[in-house]
Amino acid sequence: MDQVVKPELLADAAQRAQRYLRGVTARRVSPDIEALERLAELGGPLPDRATADEEILRLLDEVGSPATMASAGGRYFGLVIGGALPVTVAANWLATAWDQNAAMRLTSPVAAQLEDITLEWLKQLFELPGSTGGAFVTGASMASFTALAAARQAILARAGWDAGARGLFGAPPIRVVVGDEVHVTVLKALTLLGFGRDTLVRVPVDGQGRMQADALPALDDRTIVCIQAGNVNTGAFDPAEMICRQTKAAGAWVHVDGAFGMWAACAPRRAHLTAGVPLADSWATDAHKWLNTPYDCGIALVREPEHLRRTMTASAAYLHASDQREASQLNPELSRRARAVEVWAAIRSLGRDGIADLVERTCSHASRLAARLSAAGFAVLNDVVINQVLVAGESDEATDRMIAEIQRDGTCWCGGTTWQGRRAMRVSVSSWATTDEDMEMSFDAMMRLGRAAGALGRSPSLA
């Protein structure tokens with residue numbers, strides 16, 4: 001039995017993982033040059049002979065661990081990447097040991113039950129209609145793909161066209177409306193579904209990236225409107241209530257890209273930002289962002305799951321479907337890992353109050369940082385409504401130098417972006433692990449390196 005379990009190997013892995021997590025708050029956020037150079041040790045010729053399991057683990061830890069981004073710590077502010085809550089890491093380890101295929105109840109009763117429970121909890125957290133169904137996928141790209149595939153099927157069926165049987169050649173045209181700030185994941189999903197980028201109707205946005213509802217084109221029941229709950233740069237929310245009421249009156253389908261912004265609905269002081277979002281027809285979000293589960297976990301949600309079922313159903317003589325919810329009938333994939341395990345663990349661990357605190361705490365960190373940077377002489381380019389901050393220096397060149405210096409320094413890590421023609425440093429505070437001390441260290445580094453890069457044009461007044 002021990003040959004199957006290999007308890008010493010698993011214990012070694014646990015010790016190495018614990019040592020990594022204990023040290024992640026003290027180390028630099030980005031790997032240094034030496035760590036990157038050592039990655040070559042993982043390569044070499046294709047091995048002819050077996051390598052001892054213990055040696056494989058040693059290589060991964062001693063060579064791989066130093067070359068990671070310390071996104072599990074509290075000072076990684078790149079993209080919208082949260083750390084993983086400790087309970088979700090532990091749940092992930094157990095789920096990996098289970099090695100479940102979450103395709104059907106037959107292949108994993110526990111995975112199916114956890115999906116059922118978690119979807120019900122998510123509907124309550126986001127205040128979505130009780131009818132809503134969903135699928136656990138890899139991330140927001142696949143979540144939007146899944147939901148928009150259901151939208152395409154539903155609209156064509158309404159026009160008397162069975163896309164599953166007849167394909168798309170000769171199908172009635174569908175018009176897709178997006179804002180000028182539509183996220184790349186939605187564009188990717190639309191192109192995979194056959195909606196070319198050049199055919200999209202684009203609606204202008206305001207200075208925060210919000211779609212201007214009064215600029216929507218005439219809508220009808222063969223239209224899909226894609227809106228945002230949380231702009232990836234500014235954190236701004238499209239006016240969902242106004243847009244949804246217009247689109248509903250016309251019979252159009254509304255899809256919400258809420259990769260991280262949907263979670264604002266869980267926090268009483270931020271929930272007003274998501275007003276109208278539950279009126280939509282489909283939603284895409286991630287658990288590995290603001291809920292802080294391990295990668296990967298996206299969630300596609302559809303008001304009428306029958307549209308999803310008709311789009312995704314696959315049948316074969318050997319596939320057994322029960323009369324209960326079957327994930328494989330709602331999901332692009334058949335074989336998949338049991339992603340709901342970590343989502344269930346996070347929600348069960350935090351509860352509604354804990355999720356609200358996580359959202360509020362990270363938003364407060366972002367607001368305070370923005371205020372201090374502005375007082376110190378930086379330009380903050382957005383209204384900081386949630387956890388996103390856009391910071392610019394005296395010039396685009398100075399801003400880019402500052403970003404490069406911050407990334408090299410390793411105290412914290414921030415990415416760059418271009419916002420309405422101006423280069424900016426993008427700070428996303430998304431991790432449960434971020435403390436006041438982390439924010440203080442990061443602010444000090446930004447001040448020091450911003451001055452060195454020439455990004456500050458005047459002396460700080462309220463640093």
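Select strand 5 to begin, in what is a predicted model: this strand is mostly covered, since 5 of its 5 residues are buried. With the side chains of strand 5 displayed, Trp 253, His 255 and Asp 257 point one way, while Val 254 and Val 256 point the other way. In a regular strand the side chains alternate between the two faces of the sheet.

Keep strand 5 on screen and add strand 4, residues 223–228, which runs parallel to strand 5 and is joined to it by 5 bridges. To find one point of contact, pick Val 225, whose bridge partner in strand 5 is Val 254.

**From strand 5 to the loop that follows**

Next, select the loop between strand 5 (253–257) and strand 6 (282–286), where Asp 281 is found, and then helix 10, residues 240–250, which holds Lys 248. The side chains of Lys 248 and Asp 281 meet in a salt bridge, at 2.6 Å from N to O. Because one partner sits in helix 10 and the other in that loop, the pair ties together parts that are 33 residues apart in sequence. Is each partner buried or partly exposed? Lys 248 is partly exposed, at 35% relative accessible area, whereas Asp 281 counts as buried at 10%.

Stay with the loop between strand 5 and strand 6 and select Arg 270, then move to Glu 360 in helix 12, residues 340–376. Arg 270 and Glu 360 form a salt bridge whose closest N and O atoms are 3.1 Å apart. Since Arg 270 lies in the loop and Glu 360 in helix 12, this pair ties together parts that are 90 residues apart in sequence. Both Arg 270 and Glu 360 are buried.

A further selection brings up Arg 105, Glu 115, Asp 116, Arg 325 and Arg 336, which are joined into one network by salt bridges that share partners. Across the whole structure there are 30 salt bridges. Side chains of opposite charge can pair when their charged atoms come close.

**Helix 2 and the largest pocket**

Now select Asp 12 and Arg 16, which form a salt bridge with their closest N and O atoms 3.2 Å apart. Because these two residues are 4 residues apart in helix 2, about one helical turn separates Asp 12 from Arg 16. Asp 12 is buried, and Arg 16 is buried as well.

Turn on a pocket surface and go to the largest pocket, which encloses about 1,000 Å³ of space. Of the 32 residues in its lining, those closest to the centre are Ala 17, Leu 21, Val 89, Asn 92 and Trp 93. Helix 2 (7–23), helix 4 (53–64) and helix 5 (86–98) are the elements that give two or more residues to this lining. Coloured by class, the lining of the largest pocket shows 22 nonpolar, 8 polar and 2 charged residues.

The second largest pocket has a volume of about 250 Å³. Its lining has 16 residues, and to centre the view on this pocket one can select Val 80, His 183, Val 232, Ala 259 and Lys 289, which lie nearest its centre. By class, the lining of the second largest pocket divides into 9 nonpolar, 4 polar and 3 charged residues.

**Cysteines**

Select the cysteine sulfurs next: how many disulfides are there? The count comes to 0. Cys 363 is in no disulfide, and the nearest cysteine sulfur, that of Cys 266, is 11 Å away. Cys 363 counts as buried, with 0% relative accessibility. For Cys 414, the closest cysteine sulfur is that of Cys 412, and because the two sulfurs are 4.4 Å apart they are too far for a bond, the cut-off being 2.5 Å. Cys 414 is buried too, at a relative accessible area of 1%.

**The antiparallel sheet**

For the last stop, display the open sheet of 4 strands, which has the order 8-9-11-10 and antiparallel pairing. Its edge strands are strand 8 (379–380) and strand 10 (415–419), each of which pairs on one side only. Strand 8 pairs with strand 9, residues 388–392, in the antiparallel sense over 2 bridges. Select Val 380 and look across to strand 9, where Val 391 stands opposite.

Note on methods. Residues are numbered from 1 along each chain as its sequence is written. This is a predicted model: local features need pLDDT of at least 70, side-chain atom pairs count only at pLDDT 80 or more; totals for chains, interfaces and linings use all residues. Side-chain values use heavy atoms; hydrogens and water are left out. On a 1 Å grid over the protein atoms alone, a cavity is a set of points where a 1.4 Å probe fits but cannot get out, and a pocket is an open set with protein on both sides within 12 Å along at least five of seven lines; lining residues have an atom within 4 Å of a point. Grid points are joined across faces, edges and corners, and a volume is the space filled by probe spheres set on the points. Ala, Val, Leu, Ile, Met, Phe, Trp, Tyr, Cys and Pro count as nonpolar, Asp, Glu, Lys and Arg as charged, and the others, Gly among them, as polar. Buried means under 20% relative accessible area, exposed over 50%, partly exposed in between (1.4 Å probe, protein chains only). A salt bridge is a side-chain nitrogen of Lys or Arg within 4 Å of a carboxyl oxygen of Asp or Glu. Two strands pair if DSSP finds at least two bridges between them.
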